[in-house]
Amino acid sequence: MSRFSWKALAPLLVALLVALLPAPEGLAPHAWYFFAIFLGCVVGLIFEPLPGAVIGLIGVTLAALLAPWVLFSPEQMAAPGFNVPNSAFAWAVSGFNNSVVWLIFGAFMFALGYEKTGLGRRIALWLVKSMGRRTLTLGYAVMIADTILAPFTPSNTARSAGTIYPVLQNLPPLYDSQPNDPSMKRMGSFLMWTAIVSTCATSSLFLTAMAPNLLAVALAETATGVRIGWGQWFLAAAPAGVLLLLVVPLLCYWLCPPEVKSGSAVSDWAESELKALGRLTRNEVVLVGLVLMALMLWIFGGDVISASLVGLLVICAMLLLGVLSWNDILANKPAWNTFVWFATLVALAGGLSQVGFVGWFGNLVGARISHFDPLMAMLALTVIFYVLHYFFASITAHVTALLPVMLAAASGIPGLDMQMFILLLLPTLGFMGILTPYGTGPSPVYYGSGYLPGPLWWRLGAIFGLLFLLVWLAVGVPWLLLIL
């Protein structure tokens with residue numbers, strides 16, 4: 001049987017196997033059957049026999065079709081006026097009514113604006129031109145470029161692999177640093193490692209810097225009722241995140257040292273590329289204004305306008321001002337794919353709470369660790385959540401599989417501050433991407449560049465992964481205790 005066939009059968013086999021097992025004591029049979037479908041979807045997201053959006057769509061459709069047995073209890077269905085088909089459909093499409101899903105879509109349109117106008121490439125080139133005469137400052141230029149793009153690019157793959165990497169790959173050969181060759185140490189390894197480490201740090205610093213952040217916020221709100229906004233996330237993550245960004249290029253310089261320390265070739269090349277681009281275009285200037293407006297509204301306008309509506313407002317402005325056309329939006333397959341994918345995952349994860357699985361699991365785990373100090377329990381769960389990413393090739397799959405479990409476990413611990421736990425747990429999603437060559441979207445691109453061979457990546461990934469976690473706990477925990 002082909003590899004694809006095994007991957008396609010695995011989700012179905014797991015779901016059937018779990019469904020055939022007797023429901024645990026204290027859990028309703030329909031909740032157990034729903035969990036079986038959910039677990040099958042998680043396995044599908046891990047093996048990816050089909051695109052993630054297709055797996056999510058199949059999952060909600062199957063659960064809605066089997067709603068009398070997996071979604072609703074006999075008591076619900078016996079209630080006067082309760083309509084099973086209509087209620088099942090309303091649940092299946094409930095994820096599309098989630099504000100965070102629309103915020104993701106709006107942020108993808110920001111990224112499209114950066115790409116179409118060429119503003120993202122111009123920013124990267126300008127920084128390389130200004131800071132590229134010394135290798136260390138070139139590393140800081142890479143970090144700054146990622147940081148500027150991060151708040152408005154919810155795909156770190158599009159941001160780092162799609163915008164920054166195409167610029168970077170031209171730089172090492174200027175100093176005769178070639179891929180898959182000992183000369184890669186001259187400059188290429190340092191630059192590529194700095195780029196992937198920087199994007200992992202910025203992915204944790206900003207809520208909108210990585211789509212799984214937004215998915216996690218939506219799932220946490222569905223499971224616990226705790227809502228985390230853009231400004232609240234940034235306030236919580238800023239002390240540790242900014243500190244890490246400031247030291248990351250220097251640490252890369254020490255731990256992955258380039259042999260070439262300075263030179264003018266990189267700066268001269270970037271200057272020639274900028275000359276070819278010409279002056280700032282009208283659309284680039286308009287996009288800068290819209291970006292600044294959105295940032296101000298996200299930070300200061302929460303009492304007046306929701307973050308998701310800011311995204312829709314900017315989309316309308318870009319369409320009216322000609323920065324984007326409707327055909328551009330229709331042709332943006334990653335945005336529509338992510339929109340459907342995350343909407344269905346939000347519905348599926350919300351179903352775990354709706355059928356009572358999360359509450360049951362939380363009480364079960366909470367009873368076993370109820371003697372833990374709440375703060376120590378939060379730290380232990382965060383470390384476990386972080387380290388388990390070694391077993392996932394997708395942060396989205398990691399969030400979908402483990403976040404409901406962690407939230408349920410935390411909810412069963414008396415005295416635990418759920419808001420603090422969520423703000424401690426979720427920002428680790430970006431950091432954990434550095435652990436492996438498959439840990440986050442852009443990782444395979446940099447791994448395949450020929451400048452970061454496997455042994456080097458695994459060694460540096462473990463060092464930087466541990467560093468990220470230690471700084472996050474050492475700085476983030478006292479900060480959260482202070483502001484909450």
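A residue counts as buried under 20% relative accessible area, as exposed over 50%, and as partly exposed in between. The exercises below apply this scale and related criteria to a predicted model.

**Exercise 1. Classify Arg-121 and its salt-bridge partner by accessibility, and state which helices the pair ties together.**

Solution.
Step 1. Arg-121 has a relative accessibility of 30%, so this residue counts as partly exposed.
Step 2. The partner of Arg-121 is Glu-273, and the closest N and O atoms of the salt bridge are 2.6 Å apart. Arg-121 belongs to helix 8 (residues 119-131) and Glu-273 to helix 14 (residues 265-277), so the contact ties together parts that are 152 residues apart in sequence.
Step 3. Glu-273, at 24% relative accessibility, also counts as partly exposed.

**Exercise 2. Determine whether Asp-146 and Arg-159 are buried or exposed, and verify that they form a salt bridge.**

Solution.
Step 1. The criterion is a side-chain nitrogen of Lys or Arg within 4 Å of a carboxyl oxygen of Asp or Glu. For Asp-146 and Arg-159 the closest N and O atoms are 2.8 Å apart, and the pair forms a salt bridge.
Step 2. Asp-146 lies in helix 9 (residues 135-149) and Arg-159 in helix 10 (residues 156-168), with their positions 13 residues apart in the chain.
Step 3. Asp-146 has 1% relative accessibility and therefore counts as buried. Arg-159, at 0%, counts as buried too.

**Exercise 3. State how many salt bridges the structure holds, and assign accessibility classes to Glu-221 and Arg-227.**

Solution.
Step 1. The structure holds six salt bridges.
Step 2. One of them joins the side chains of Glu-221 and Arg-227, with an N to O distance of 3.0 Å.
Step 3. Glu-221 has a relative accessible area of 21% and is partly exposed. Arg-227, with a relative accessible area of 60%, is exposed.

**Exercise 4. Identify the residues of the nonpolar surface patch that includes Leu-12, and classify Leu-12 by accessibility.**

Solution.
Step 1. The patch is formed by Trp-6, Leu-9, Leu-12, Leu-13 and Leu-16, which together have about 490 Å² of accessible area.
Step 2. Leu-12 is found in helix 1, which covers residues 3-20.
Step 3. The relative accessible area of Leu-12 is 48%, so this residue is partly exposed.

**Exercise 5. Describe the largest cavity by its volume, its lining residues and the elements that supply them.**

Solution.
Step 1. The structure holds two cavities of 30 Å³ or more, and the largest has a volume of about 60 Å³.
Step 2. Its lining consists of Leu-219, Thr-222, Ala-223, Ala-349, Gly-350, Leu-352, Ser-353, Val-358, Leu-403, Pro-404 and Leu-407.
Step 3. Two or more lining residues come from each of helix 12 (211-224), helix 18 (333-354) and helix 21 (395-411). Helix 18 gives the most, with four residues.
Step 4. By class, the lining of the largest cavity holds eight nonpolar residues, three polar and no charged.

**Exercise 6. Establish which residues line the second largest cavity, and the classes to which they belong.**

Solution.
Step 1. The second largest cavity has a volume of about 50 Å³.
Step 2. It is lined by Ala-124, Val-128, Ala-141, Val-142, Ala-145, Ile-164, Val-167 and Leu-168.
Step 3. Helix 8, helix 9 and helix 10 are the elements that give two or more residues to this lining.
Step 4. The lining of the second largest cavity has eight nonpolar residues, with no polar and no charged ones.

Terms used:
Residues numbered from 1 in each chain as written. Predicted model: local features only at pLDDT ≥ 70, side-chain atom pairs only at ≥ 80, totals over all residues. Heavy atoms only, no water. Buried < 20%, exposed > 50% of the residue type's maximum accessible area, 1.4 Å probe, protein only. Patch = residues over 30% accessible without salt bridge, like charges linked within 9 Å, V, L, I, M, F, W, Y side chains within 5 Å. Areas by Shrake-Rupley, 256 points an atom, 1.4 Å probe, with all protein chains shown as cover. 1 Å grid on protein atoms, 1.4 Å probe; cavity = no way out; pocket = protein on both sides within 12 Å on 5 of 7 lines; lining within 4 Å. Points joined across faces, edges and corners; volume = space filled by probe spheres on them. Nonpolar A, V, L, I, M, F, W, Y, C, P; charged D, E, K, R; others polar.
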